[in-house]
Amino acid sequence: MDAPPPDVLDAASPRPRARPLAALREAVRTCPWNLASGVLMGVATALALATFLDYGLTWDENMQRQYAERVLAWFRTLGRDRSAVDFADLFLYGGFFEALAQWVGERFPAGVYEGRHLVNGLFALVGLGGAWRLGSVCGGPRVGFLSALFLLLHPLYWGHAFNNPKDLPLAALSVWALAAVVRGMELLPRVPWRHALLTGGILGLVLGVRSGAIFHFGYVGLAWGGGLLVHHWRTDSRSRELLRDVGRLLLGLLLVLAVAWVVMVLFWPYGLVRPFKNPIHAISQAAAFGWDQPLRFLGRDVRGRQLPWTYLPVSIGISLPEFFYLGLLAGVGACVARWRAGGRWAGEGWMKAGLLLFAVLFPIAAAIVARSTVYDGMRHFLFVLPPLAVLAAWGVSSLWDVVGPRAVRVGVAVACAAGMAWVVGEMVSLHPYQSVYFNRLLAGGLRGAAGRFETDYWGASYREAAEWLLREYHPDTNEPIVVANRSVDFLSSYFLERASGGRFMGASDGRDPHIILTTERWDWHKRTPGRLLHVVSRQGVPLAYVFEVRPPAPRR
């Protein structure tokens with residue numbers, strides 16, 4: 001009697017379950033890029049934990065905190081406290097991140113905002129993990145490592161990591177949704193229901209931060225539907241099989257949408273009140289925010305509703321580090337090299353790359369066509385940075401694989417490494433204001449951008465100005481020193497009042513200030529009277545000013 005083939009033996013014999021540590025050692029042994037990715041995530045985590053307390057407050061954080069308190073009150077009272085349902089315009093946003101951040105902040109020893117910043121930073125790390133996952137699914141472990149590295153070294157991503165409670169969490173979760181979509185493409189023609197559930201859950205968390213991100217569901221339909229058609233075209237299957245798989249896919253897409261909708265409203269008081277009508281209303285309002293303040297763009301002050309269509313592309317272009325451009329050009333070079341050699345990307349590589357490119361370009365084009373309200377540079381579009389990082393990393397890796405001359409490959413690697421090293425120096429010199437980074441290729445760095453574009457539009461530098469007052473301003477007086485700022489009072493009073501023992505106080509009660517703090521936004525620094533005491537600056541560019549407008553009365 002012939003022995004059964006090995007696969008039958010394997011199927012019949014129970015396999016011993018691999019221990020987690022043994023599996024990890026095997027993964028590292030077979031692919032050092034997995035080890036490199038683990039080390040990178042460890043370094044990023046250590047940096048986040050070491051520096052999250054350095055970052056100042058941003059303009060929106062006080063309102064976000066108040067909304068988060070109301071979201072928690074809704075759940076604590078089982079919906080009897082309805083203050084979150086109509087709070088400002090924030091009720092239109094989901095409460096997933098806010099509820100978690102506020103719950104931690106209320107228990108954090110250093111303070112509520114410091115706790116919220118910690119959670120914000122942890123979400124940024126989740127986004128790095130998502131970039132690794134998306135890169136790995138697209139191009140393997142090497143692309144995964146490079147994707148996480150590229151995203152980590154994008155100064156705007158790191159600069160918003162700790163004090164942007166709106167756009168950073170969206171970016172961190174969006175990349176995981178894209179990774180789930182790409183993985184689903186690999187599972188075609190039949191996406192298992194478990195993966196549909198997973199995709200729906202991740203998409204629901206994305207919508208639980210901002211319901212306007214519903215266009216992510218379009219990525220699912222586009223990628224899985226297009227992938228299914230391509231699969232049947234390649235296999236030349238019969239129409240009956242195509243119709244059967246299309247029907248299954250439609251059921252899977254409905255499952256994704258249903259799960260996403262349920263997860264979205266779970267953390268959203270406004271959505272829970274009317275689970276269908278209210279989310280649809282919020283989605284319809286996503287692009288209709290009426291912000292019409294003047295913005296500095298290309299050296300001119302232009303009102304928000306009159307910005308040219310070039311505002312968003314230019315804002316993204318001047319914020320990309322040079323090595324991103326090198327990676328994207330390398331990807332184009334790799335495609336050309338493959339085409340000239342008569343080859344093509346194996347499997348669904350070209351479809352994955354097309355999906356990532358679409359995920360970058362579609363939201364930008366849609367915002368331009370719909371004339372959506374856009375301001376503060378590319379802040380609202382941070383979610384395009386992870387797929388951009390994956391595309392750039394994939395480009396470098398692909399060029400290394402397809403280009404024959406060793407000198408070309410080494411040259412690209414050295415250029416990327418040099419560009420990364422330069423950006424690391426920039427990030428260190430700007431700390432903790434990496435959000436005011438501008439590349440030198442198009443913007444001339446921070447010095448070249450100052451006066452032409454917005455720099456510290458969110459008031460993060462008020463903290464450093466307040467800390468200078470605490471450390472250096474000691475007039476001989478008995479009266480409390482009243483400090484105002486030109487943005488929002490809490491940006492400075494939060495640090496002054498709790499650290500000065502009553503020596504400093506904010507001007508929110510209408511008292512005439514002794515000190516006024518200001519940034520350069522709307523040329524406040526030019527319209528503030530008094531004696532200039534101090535300037536907060538980076539790379540020789542002023543960010544915040546301290547003016548004494550009324551000396552305190554001398555001690556009696």
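1. Start with arginine 371: this is a predicted model, and at 61% relative accessibility this residue counts as exposed, because the cut-off for that label is over 50%. Arginine 371 sits in the loop between α17 (349–369) and α18 (385–402). Its phi is near 55°, a positive value in a residue other than glycine. Worth a look, since most residues other than glycine have a negative phi.

2. Alanine 88 is another one to check by eye. It has a positive phi of about 45° although it is not a glycine, and it belongs to the loop between α4 and α5. With a relative accessible area of 43%, alanine 88 is partly exposed; that value falls between the cut-offs of 20% for buried and 50% for exposed, so neither of those labels applies.

3. Glycine 79 is placed in the loop between α4 (61–76) and α5 (96–105). Is glycine 79 buried or exposed? Its relative accessible area is 15%, so it counts as buried, the limit being under 20%. If you want a distance to check in your viewer, the C-alpha atoms of glycine 79 and leucine 266 are separated by 12 Å, with these positions 187 residues apart along the chain.

4. Now the peptide bonds. Leucine 188 and proline 189 are joined by a cis peptide bond, with omega at about 20°; proline 189 lies in the loop between α9 (167–187) and α10 (193–209). A cis bond also runs from histidine 431 to proline 432, here with omega near 0°. Proline 432 is in the loop between α19 (406–430) and α20 (445–449). For background, most peptide bonds are trans.

5. Asparagine 278 belongs to helix α14 (residues 277–284). The residue is buried, with a relative accessible area of 5%. Which residues does asparagine 278 touch, leaving aside its neighbours within four places in sequence? They are Tyr270, Gly271 and Val273.

6. On to the sheet. It is open and mixed, with 5 strands in the order β4-β3-β5-β7-β6. β4 (504–506) and β6 (531–538) are the edge strands, each pairing on one side only. On average, neighbouring strands are turned by 25° against each other, direction ignored.

7. Two pairings in that sheet deserve a closer read. β5 (residues 515–519) and β7 (residues 541–548) are antiparallel and share 5 bridges, with leucine 517 opposite valine 546 in β7. β6 and β7 also run antiparallel, joined by 7 bridges, and valine 536 stands opposite alanine 544 in β7. The hairpin of β6 and β7 has 2 residues between the strands, and there glutamine 539 takes a positive phi near 55°.

8. Which helices go with the sheet? Helix α21 (residues 462–472) lies across β3 (481–485), β4, β5, β6 and β7, at about 150° to β5. Helix α22 (residues 490–499) packs on the sheet too, touching β3, β4 and β5, and its direction makes about 150° with that of β4.

9. Last, the cavities. How many cavities of 30 Å³ or more does a search of the whole structure find? There are 5, and the largest has a volume of about 190 Å³. It is lined by 18 residues, of which Asp376, Gly377, Met378, Phe438 and Glu454 are the closest to its centre. By type, the lining of the largest cavity divides into 9 nonpolar, 5 polar and 4 charged residues.

How values were computed
Residues are numbered from 1 along each chain as its sequence is written. This is a predicted model: local features need pLDDT of at least 70, side-chain atom pairs count only at pLDDT 80 or more; totals for chains, interfaces and linings use all residues. Side-chain values use heavy atoms; hydrogens and water are left out. On a 1 Å grid over the protein atoms alone, a cavity is a set of points where a 1.4 Å probe fits but cannot get out, and a pocket is an open set with protein on both sides within 12 Å along at least five of seven lines; lining residues have an atom within 4 Å of a point. Grid points are joined across faces, edges and corners, and a volume is the space filled by probe spheres set on the points. Ala, Val, Leu, Ile, Met, Phe, Trp, Tyr, Cys and Pro count as nonpolar, Asp, Glu, Lys and Arg as charged, and the others, Gly among them, as polar. Two strands pair if DSSP finds at least two bridges between them. Helices (H or I, at least four residues) and strands (E, at least two) are DSSP runs, numbered from the N terminus. Axes are lines fitted to C-alpha atoms, for helices over the stretch in contact, and angles run from 0 to 180 degrees between N-to-C directions. Contact means heavy atoms within 4.5 Å. Buried means under 20% relative accessible area, exposed over 50%, partly exposed in between (1.4 Å probe, protein chains only).
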